[in-house]
Structure formats: structure tokens, C-alpha cells
Amino acid sequence: MKSSRLVFIASCWVLLIAQMVYAQNNSAYILRNVTVIDGMGQAPREHVDMLIKGPSISEIKSGIHRAGAIVLNMQGKTIIPSIISVHNHLGLLKGNSANAANYTRENILRQLAKYQDYGVNSVISMGTDRDLLFKGLRDSLLAGKLPGTTVYSAGFGFGVPNGGPPSDLDQVLRPGTAEEARKDIEKLIPLRPDVIKMWVDDFGGRFPKMSPEITGAIIQAAHARGWRVAAHVYYLQDARRLVAQGLDIIAHSIRDSVIDDALLAEMKRKGVAYIPTLSLDEYAYIYANSPEWMKDEFFKASLEPGVYEMISSKEYQDNLRNSPAYNKNKAAFETALKNLRKIYEAGVMVALGTDSGASPVRTQGFSEHLEMELMTMAGLTPIQAIEVATRNGARLLKIDQRQGTLEVGKRADFIVLDGNPLIDIRNTRKIFAVWKNGKMVSKGPLGRN
């Protein structure tokens, strides 16, 4: 008798759980009376409703009614697509350190949860990943089997022997000849990289550059496999040479000189994408000036433990201010702003990336919002900066058929804001909620507290 009762109770629990799972997977939501910025560069649609059915957007119009749908009053809220950041690094940060020893499953998932809190629902990790990511973790994230931001990857990046990138990343490939580079490309086949990354820069003259023979071999071998190549660059001369060799993505700003019209025309003709990473260049000097956003809890919440104490200390700020590189870094940032405006106005595709996660001072999550503000400083309008941060990132990752804009039939991946970013781009930081695949997944970095 007792056994039969336990079986009955267990059966009831199984049925209840099944009903809850069914309701969660099949529920519909109406977000009532919102302002929608769709990410396509168009004027916002005000006082409309958005119907979400399953993982996708079903309707966007006024006066939506659907029996059984959960209605959420969003009066005064603005919705933008979730941010897609196409230059990031995962798993390296922990406290004040950034190294391969920190690359653990727990640390990666923790950082992906942080990105998602900030409305960044897709990232590409640029060349610093390790075997761990490719042993089921990336595929589980892509399939939505794990919570957090979706990860794309450049696999193991290409560096220079005894050169860049200056790190302990032992799985970075460092070919010494063109033939070695072609063989190293073959090592990436099991990883199924989304792009290939190579570090070409000399890091301020500290290291040898990657030779033209090796960059050409990497590009040629990658293209033979159907893979695009992104390059870490600094100098205009290197960018010009790499574009001539067939480079697909310039993964940082050109910072030593203002770009010329001939290179602009060639980039547009060849469809080269540009990721300015403006925040990286501002971080190189800005903490010496204690910018206003350092006091913002939205910024502080993105930092690893101990980093705020470091960057706000007099010693750290004095060292930055008195560094021989201070003026050079500030000038590089100003050149990057000028180049972004010229490149954008020339019709070259620009996508948002920040290099966040490569250094403790390049904070994950906040950097992506700062990047949009810096784009407006360069001369883009807020609506253009949002398009760069959403649709263009999806286009670069070749996922724009399913996400990146708020359109009927596309995934319901978006950020609900308490302010309108077209009035002030910094209103992207007023996060009310983050949605992914038709479900609310976060209340923002401050809403968790």
C-alpha cells in the first residue's frame, strides 16, 4: 500500500514537471506598448507590441491579442537587439591576472553569464581558446544546452616565434616558415573555427612582426579551407599589405596614420570588415584621468575582484600618466576615432568588438556599451552604433538569417531598456531585462544583486 502511494506521488510529480516544461517551451508573450529599435538603421517604432512565440518573434505591431499569451506591460521601455561582440577573449581573467591557468570550464561559464547580464548574447573568442572549449563545451552552448552567451571561436590563433602575442598561451601556433604555417592550418580542422586569427603587430616595437610570407601562406591556406582570416594590426602599412594579400577582417583599429582613400576603396571592393576596438585604445590611458564612468556601479559590476582597487589607486594612475607611452596611446585613440568615421562613411562594414577579456582592465560586458558610446564620439549616430553592435556582428558571423535584428521570424534575442539610447547612447546601460531565444535570462548586472 505504501509502495503504491509512493509510485502515485512520483507519477504526479513527473506529470507536473512535464506540464511545466511544456508550458515553458510553448508559452507566448506579448510585450505591450514598447519602442522597438530593430537594428537595421531604421527609425524606431513607438507604442507597438511584440509577440514572442517559442524562441522567435511572431509579430511586431500595435494591438496584438492572443489567447493564452502572457502580457507584459512595457510602457516607457525601449527594446534593442542583443549585442553581438566579434572580438573577445574567454577564460583568461581571474582577479588581477590574465593567463592560461585561468582557462577552466567554471571560469568560462562564469564569464559567459557576465556577458549575458550585459546584454551580450553572442561573442567570438579570438584565437586564445584551448582544447577544453572544443570538447563539447562550445557545441553545448551553440545548441542552447548551457546557460549564458553563445560562443564562436577562432580556434588556436597564429603568433610569431618569440613575438606576439606576448603571453603564456602555449596553444597559440607560431610557425617559423610559410610551409609550417600551411601545416598548422591543417591542425585546426578538428576545431571547426569560425574564423582564423593572426597577430601581425610588433606591439610597439617590442617584438618581431609576422613576415609577409607567413601571413600570405596563412591567408591562402585558410581560404582553401573556406575560412576567413582576421588580423591584429596597428600600422596602416601592414593593413594595406594584408588587404592586398586577401585579408578578410581587420580586427583592430589602424592607429598610426589616417587611412587613405585608395585603401578605403580596396577594402570596400574586397568586402573587408573592420572591428575598431576603440575601448581597448581608450583603456590604454584613460584610467589616469578617472573618467566619470569609473564611479558607475554598472562599470564596477563588470570588474574582476581587486581590479577596481588597482585602477583607482594613485600609484596605478600616476604610472599611466607618467608613462612614456601615455601621449602615444592618447594619439593612437584619436587616430582610431578619425579612421572609424572615414571607414564607416566609405561604406566598409564595421562590426563591434572590444578585445574584452584579454586584460583585467578591458572589462567584459561594460566594454561593449562603452564601445557604442565611443562610436558616437567618432561621429556615428546612436542608431548607427546600435546597427554596428547588432546586425553587422551577425553579418560578420554569418548568423544574420536568424538573429541580429528584431524582425518577424528571427530569434527573440534582445535587451529591454529603461531609457531610449537614441536620446543618449549611454541609455543602453539602463538594462531592465535581457532575453534570449524567447525567454528572459537576466535582469542585468545590477538586477542580480
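## A tour from the aromatic cluster to the parallel sheet

Begin by selecting Trp293, which at 11% relative accessibility counts as buried, because the cut-off for that class is under 20% relative accessible area. Bear in mind throughout that this is a predicted model.

Keep Trp293 on screen and add Tyr287: the two form an edge-to-face aromatic pair, with 5.9 Å from centre to centre and 75° between the planes. Tyr287 is buried as well, its relative accessible area being 0%.

Next, select Phe298 and Phe366, whose rings also make an edge-to-face aromatic pair, here at 6.3 Å centre to centre and with 65° between the planes. If you colour by residue number, you will see that this pair links distant parts of the chain, since Phe298 belongs to helix α9 (residues 297-300) and Phe366 to helix α13 (residues 366-378), 68 residues apart. Are these two rings buried or exposed? Phe298 is buried, with a relative accessible area of 3%, and Phe366 counts as buried at 0% relative accessibility.

Now widen the selection to Tyr118, Tyr283, Tyr287, Trp293, Phe298, Phe299 and Phe366, which together form one aromatic cluster. The count of aromatic pairs in the model comes to 15.

For another kind of contact with a ring, select Phe432 and Lys77: Lys77 lies over the face of Phe432, at 4.0 Å from the ring centre.

Move then to Ser153, which is found in strand β10 (residues 150-153) and is buried, with a relative accessible area of 0%. Show its side chain together with the backbone of Gly155, and you will find that the side chain of Ser153 reaches the backbone nitrogen of Gly155 at 2.9 Å. Leaving aside residues up to four places away in sequence, Ser153 touches Ile124, Ser125, Asp129, Leu133, Phe134, Arg138, Pro193, Asp194 and Val195.

The last stop is a sheet. Switch to a cartoon view and look for the 4 strands that form an open sheet with parallel pairing, in the order β11-β12-β13-β14. Which strands stand at the edges? They are β11 (196-199) and β14 (273-274), and because each has a single partner strand, one side of each is left without a neighbour in the sheet.

To examine one of these pairings, select β11 along with strand β12 (residues 229-232): the two run parallel and are joined by 4 bridges. Finish on Trp199, whose bridge partner in β12 is His232.

Note on methods
Residues are numbered from 1 along each chain as its sequence is written. This is a predicted model: local features need pLDDT of at least 70, side-chain atom pairs count only at pLDDT 80 or more; totals for chains, interfaces and linings use all residues. Side-chain values use heavy atoms; hydrogens and water are left out. Two strands pair if DSSP finds at least two bridges between them. Rings of Phe, Tyr and Trp (its six-membered ring) pair if their centres lie within 6.5 Å; planes under 30 degrees apart count as stacked, over 60 as edge-to-face and the rest as tilted. Buried means under 20% relative accessible area, exposed over 50%, partly exposed in between (1.4 Å probe, protein chains only). A charge sits over a ring if NZ of Lys or CZ of Arg is within 6 Å of the ring centre and within 35 degrees of the ring normal. A polar contact is a pair of N or O atoms within 3.5 Å; within protein, one must be able to donate a hydrogen and the other to accept it, and residues adjacent in sequence count only if both atoms are side-chain atoms. Contact means heavy atoms within 4.5 Å.
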